[in-house]
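Here's a quick tour of a helical-looking question set: salt bridges, burial and packing. Have the coordinates open as you read.

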Amino acid sequence: MLPARVHRAIFIVLLAVLGASMVTSVFLANLAWVLLGANWLLEGRWREKWQMGKESRLLHAVVGLYLMMLVGMLWTADTAVGWDTLRVMLPLLCVPLVLLTMRPLAGNARRGVLAVYVLTVFAVTVIGVVRWLTIPDLPHRDIVPFISHIRFALNCCVVIYLCVGVLLGSGPKPLRWGAALLMVWMLAFLVVIHSYTGIVVLAVV
């Protein structure tokens, strides 16, 4: 077995890869989740993970939601669609199980993973704006080249929430100014791609 610190390093690196690939490559994102799951299994620490799982109300809610869908199979009129839906929704069960039973990131590791994610989302918005300005009659749904514009809009919302957190914090002024400018940029990008879903979600949250 690998030392605990190696498993921890793999966990952090894979989270950073996931943060970058969620908005750039579905294949890499899925691969990162598979490797995170494999690292989780190989790490062991089952007693600690069991205890963390018992104490996580969020994990209880996610498992309960999936079990509710599973019970719904007892009276569904289309079992083929039902099983396919459960298959598609399986990551919503596995992902929280892995993340919520691992020791949470702290300090530089957390900031590093978030920085990779935020910078990647920003880079994709820049690519999108360049495409919007240089490709005539480009449909707004195709401004984002890598994933659906709806999914990307939700990632923009997450970045905006993170910026709000920075603004409400006590970080250095340059960081807070950068967060404010980035928040305005993301809001403008939501308008550019006509993401009414993203705007509504942003307002509701």
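## A pair within one helix

D84 comes out at 38% relative accessibility, so it counts as partly exposed. Bear in mind that this is a predicted model. The partner of D84 is R87, and the two form a salt bridge whose closest N and O atoms are 2.7 Å apart. R87 has 54% relative accessibility and therefore counts as exposed.

Both residues sit in helix α5, 3 residues apart, so about one helical turn separates them. That spacing fits a simple rule: an α-helix has 3.6 residues a turn, so residues three or four places apart point the same way.

## The salt-bridge network

How many salt bridges are there by the rule used here? The count comes to 5. Bridges that share partners link E43, R45, E48, K49 and R103 into one network.

Take E43 and K49 to begin with: their side chains meet in a salt bridge, with 3.4 Å from N to O. Buried or exposed, what is E43? E43 is buried, because its relative accessibility is 8% and the cut-off for buried is under 20%. K49 lands on the buried side of that cut-off too, because its relative accessible area is 3%.

E48 and R103 make another salt bridge, at 2.9 Å from N to O. E48 belongs to helix α3 (residues 46-55) while R103 is in the loop between α5 and α6, so this pair ties together parts that are 55 residues apart in sequence. On accessibility, E48 is partly exposed at 29%, and R103 is partly exposed at 38%.

## Where α1 meets α2

S21 is in helix α1, which covers residues 4-21. With a relative accessible area of just 2%, S21 is buried. What does S21 touch once its neighbours within four places in sequence are set aside? The contacts are V26, L28 and A29.

L28 deserves a second look. L28 is found in helix α2 (residues 26-43), and at 39% relative accessibility it counts as partly exposed. Besides being in contact with S21, L28 joins F27, L31 and L35 in a nonpolar surface patch of about 370 Å².

## The loop after α4

G72 lies in the loop between α4 (57-71) and α5 (79-99). Despite the loop position, G72 counts as buried, with 17% relative accessibility. If you want a distance to check, try G72 and G82: they are 10 residues apart along the chain, and their C-alpha atoms are separated by 8.5 Å.

## Helix α7 and its packing

Now for a sanity check on geometry. Helix α7 runs over residues 149-168, which makes 20 residues. At 1.5 Å a residue it should span 28 Å, and the end C-alpha atoms are 29 Å apart, so expectation and model agree.

Which residues of α7 are buried? They are H149, F152, A153, N155, C156, C157, V159, I160 and C163. As for what they pack against, the buried residues of α7 meet α6 (107-134), α8 (173-192) and α9 (196-204).

Methods
Residues numbered from 1 in each chain as written. Predicted model: local features only at pLDDT ≥ 70, side-chain atom pairs only at ≥ 80, totals over all residues. Heavy atoms only, no water. Helix = DSSP H or I, 4+ residues; strand = E, 2+ residues; numbered from the N terminus. Buried < 20%, exposed > 50% of the residue type's maximum accessible area, 1.4 Å probe, protein only. Expected span 1.5 Å × (residues − 1). Contact = heavy atoms within 4.5 Å. Patch = residues over 30% accessible without salt bridge, like charges linked within 9 Å, V, L, I, M, F, W, Y side chains within 5 Å. Areas by Shrake-Rupley, 256 points an atom, 1.4 Å probe, with all protein chains shown as cover. Salt bridge = Lys/Arg side-chain N within 4 Å of Asp/Glu carboxyl O.
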